Amino acid sequence: MELLFLGLAGGAVISYYVLRKFTSAKSKNLTEKQSVVLLDKIKKVSKLITVEGEFAEIYHHQNTKEKFLGLITSKKKAIILINAKVHIGFDFRKIKMHTDTQKKVLILSEFPQPEVFSVEPNLRFYDIQNGLLNKFSSEDLTEVNKEAKEHILQKIPESNLMQIANKEALEAVTLMQNLVETIGWKLDYSALEIPKSSQNLIE
């Protein structure tokens, strides 16, 4: 009787440890899978636009061409009103992060700087003056459009759009936190330099 009892007790103990090991392995695989899914979700966000700015600039376009071996020059010019929309945000592909699968924590170690994603200029030509041997053509629109984008890009550092975008980094971190929490994980952004007031808003 005692041998039977000891056999049953031993079998129960062995079964417990086998079941525990199996459950632990299954849980580990699930957590690792969650980690991969989580990182993929964040990468799929790709680019997040947080700031849209509008510019209204007057641009003077001038082009001079030489004819007959430089003996004659012909100049064309125009005044151009540039109304442009600028989109600034964060590229999530540049985020540096890693996961702690045991604690189910996504750790942010580095967050990208804001960058210009697009410049969309709308041009209006005024006071167009064609040269005798140098006139505006349809091909000029492409070149002027390129010049207009460069002109607006040079104006962005003078504006406060980049500073506003930096403050909007909170929105990007909040978005990541929401993604992380959908699968029961936590976001650790303690390595990032975020003002305490902004941290309180996240929490």
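**View 1. Contacts that reach across the sequence.** In this predicted model, take the contacts between residues at least 6 apart in sequence: 76% of them join residues at least 24 apart. The protein has 203 residues, and 31% of them count as buried. As for the outside, the protein exposes about 14000 Å², and carbon and sulfur atoms supply 55% of that area.

**View 2. The parts list, from one end to the other.** Count along the chain and you'll find five helices and six strands. Their order along the sequence goes α-β-β-β-β-β-α-α-α-β-α. Keep that pattern handy while you look at the close-ups below.

**View 3. An open sheet of three strands.** Here the strands sit in the order 1-2-5, and the pairing is antiparallel. Why is one side of strand 1 and of strand 5 left without a neighbour in the sheet? Strand 1 (47–67) and strand 5 (115–129) stand at the edges and each has a single partner strand, so one side of each has no neighbour in the sheet. From one strand to the next, the twist averages 20°.

**View 4. Zooming in on strands 1 and 2.** Strand 2 covers residues 72–91 and runs antiparallel to strand 1, with 20 bridges joining the pair. To find your place, look for His60, which stands opposite Ile79 in strand 2. A handy rule while you're here: in a regular strand, the side chains alternate between the two faces of the sheet.

**View 5. A helix laid across the sheet strands.** Helix 2 (residues 138–155) lies across strand 1, strand 2 and strand 5. How does helix 2 run relative to strand 5? The angle to strand 5 is about 125°.

**View 6. The hairpin of strands 3 and 4.** Strand 3 (residues 96–100) and strand 4 (residues 105–110) run antiparallel and are joined by five bridges. The two strands form a hairpin, with four residues between them. Check out Lys104 in the turn: Lys104 has a positive phi of about 55°. Right by the turn, Asp100 stands opposite Val105 in strand 4.

**View 7. Strand 4 meets strand 6.** Strand 4 also pairs with strand 6 (residues 186–188), this time in the parallel sense, over three bridges. Which residue of strand 6 stands opposite Leu106? That's Leu187. As a reminder, strands of a sheet pair through backbone hydrogen bonds, either parallel or antiparallel.

Methods: Residues are numbered from 1 along each chain as its sequence is written. This is a predicted model: local features need pLDDT of at least 70, side-chain atom pairs count only at pLDDT 80 or more; totals for chains, interfaces and linings use all residues. Side-chain values use heavy atoms; hydrogens and water are left out. Buried means under 20% relative accessible area, exposed over 50%, partly exposed in between (1.4 Å probe, protein chains only). Contact means heavy atoms within 4.5 Å. Accessible areas come from the Shrake-Rupley method with a 1.4 Å probe; for residues, only the protein chains shown count as cover. Two strands pair if DSSP finds at least two bridges between them. Axes are lines fitted to C-alpha atoms, for helices over the stretch in contact, and angles run from 0 to 180 degrees between N-to-C directions.
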